[in-house]
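Okay, thanks for squeezing me in. I'd like to walk you through one structure today, so let me get it up on the screen.

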Amino acid sequence: MATSAHAAVYKAAEYFNIKLVLIGTDEDGRMSVSELKKRMNKNVILVYASAPGYPHGVVDPITTIADVVKRWQCCLHVDACLGGFVLPFVKYAGLEDISYPPFDFSVPEVTSMSIDTHKYGCAQKGSSVLLYRTRELRKFQFTAVSSWSGGLYISPSQAGSRSGGLIAQTWAAMMYFGRRGYVSAAKNILKAAVSLRQDISAIKPLEIIGKDVTMIVAWRSTSSKVDIYVLNDLLSEMGWHLSVLHSPPAIHICITSVNVESLESLVKDVQVAVERIHAGDYNRKEGKAPIYGMANRMSNTSTVDDLLKDIQDVM
Ligand SMILES: *Cc1c(COP(=O)(O)O)cnc(C)c1O
């Protein structure tokens with residue numbers, strides 16, 4: 001997987017004792033296929049690509065990755081957790097300038113996809129979809145126990161007992177929004193993304209990361225005079241809650257139907273905040289910037305991991 005793949009993959013690898021091989025990203029933030037080629041071998045069970053990835057909203061080059069996978073005959077998963085209810089609808093939204101190379105089952109090598117109904121499907125948290133190309137593949141997910149004194153047991157997923165209410169609610173959300181609702185949401189979100197990308201990149205010294213127009217707009221600072229984490233602190237003070245990213249230090253916003261109307265005022269506040277930082281009109285000591293800065297620089301990240309576990313424990 002690329003370094004931009006979701007942290008949930010680390011969790012899965014930890015649970016199942018699978019070795020993760022991290023692939024770097026190219027200048028556009030996409031998985032580096034030349035590096036992938038070099039790291040492939042017969043022990044690789046699956047290549048994990050994103051459409052798009054969480055940090056920078058970048059869509060990995062699924063078709064070129066598929067060419068590599070074809071040679072090695074392993075599985076190819078496309079993480080469309082974020083994109084699954086947005087990207088497929090873009091071509092019906094009348095946005096001529098925005099398109100993506102094939103990223104789904106139309107690419108023959110793609111063996112599975114994940115799509116979060118609880119994100120842009122607008123269902124409640126805790127519902128998601130895992131799609132397999134074939135029933136044979138899906139069967140590996142099932143656990144059958146015929147020798148139990150409790151009777152015959154079959155379980156389709158990692159979770160045991162699950163809420164039927166959640167499934168009903170997810171169905172209701174999908175019926176309520178429908179194809180037309182998702183197309184219209186995709187249209188508003190991506191139109192807003194185009195404007196936001198233009199507006200942020202017009203503010204010096206900010207720079208947008210990645211070329212793909214998706215719901216995630218990420219930016220970094222090209223000047224040491226404007227620390228992006230200090231900018232984040234100042235924006236927090238102004239009432240914004242953006243996501244903080246590592247290597248490179250950056251922040252992003254995930255555009256949704258709910259915040260799309262607020263983006264104009266976000267741009268204004270980013271402008272004001274950058275000016276204030278330039279003018280030295282902000283006390284750096286108060287915010288979280290030193291913590292993020294430190295975590296970003298620490299080579300021994302297991303120390304930070306321990307710290308995160310302690311915080312979770314206290315919470
Ligand atoms: C949200 C997300 C996931 C998984 O998230 P859950 O919290 O487990 O639903 C995986 N990949 C991407 C790109 C995501 O945005």
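Let's jump straight to the ligand. One of its oxygen atoms sits 2.8 Å from an N or O atom in the side chain of His118. Keep in mind that this is a predicted model. As for cover, the protein hides 74% of the 370 Å² of accessible area that the ligand has on its own.

There are two aspartates to look at here as well. Asp79 has a polar side-chain atom 2.5 Å from a nitrogen atom of the ligand. Asp116 also brings in a polar side-chain atom, and that one is 3.1 Å from an oxygen atom of the ligand.

So which residues are around the ligand? Going along the chain, you've got His6, Pro52, Tyr54, Asp79, Cys81, Leu82, Asp116, His118 and Lys119. If you sort that shell by character, you get 4 nonpolar, 2 polar and 3 charged residues.

Okay, zooming out to the whole chain. We have domain 1, covering 8-140 plus 157-169, and domain 2, covering 180-302. Their C-alpha centres are 25 Å apart. Each side puts residues into the contact: 23 from domain 1 and 23 from domain 2.

How much area is buried between domain 1 and domain 2? About 2100 Å², and carbon and sulfur atoms give 68% of that.

Now the polar side of that interface. Between domain 1 and domain 2 the count is 2 salt bridges. And if you want a pair to click on, try Asp28 and Lys211: they form a salt bridge, with the closest N and O atoms 2.7 Å apart. For polar contacts across the interface, we get 10 residue pairs, with both residues at pLDDT 80 or more. The face of domain 1 that touches domain 2 breaks down into 17 nonpolar, 4 polar and 2 charged residues.

That's my tour, happy to rotate the model for anyone.

Methods. Residues are numbered from 1 along each chain as its sequence is written. This is a predicted model: local features need pLDDT of at least 70, side-chain atom pairs count only at pLDDT 80 or more; totals for chains, interfaces and linings use all residues. Side-chain values use heavy atoms; hydrogens and water are left out. A residue is near a molecule or strand if one of its heavy atoms lies within 4 Å of it. A polar contact is a pair of N or O atoms within 3.5 Å; within protein, one must be able to donate a hydrogen and the other to accept it, and residues adjacent in sequence count only if both atoms are side-chain atoms. Accessible areas come from the Shrake-Rupley method with a 1.4 Å probe; for residues, only the protein chains shown count as cover. Ala, Val, Leu, Ile, Met, Phe, Trp, Tyr, Cys and Pro count as nonpolar, Asp, Glu, Lys and Arg as charged, and the others, Gly among them, as polar. Domain bounds come from an automatic or database domain assignment. Contact means heavy atoms within 4.5 Å. Buried area is the accessible area (1.4 Å probe) that two parts lose on being put together, summed over both. A salt bridge is a side-chain nitrogen of Lys or Arg within 4 Å of a carboxyl oxygen of Asp or Glu.
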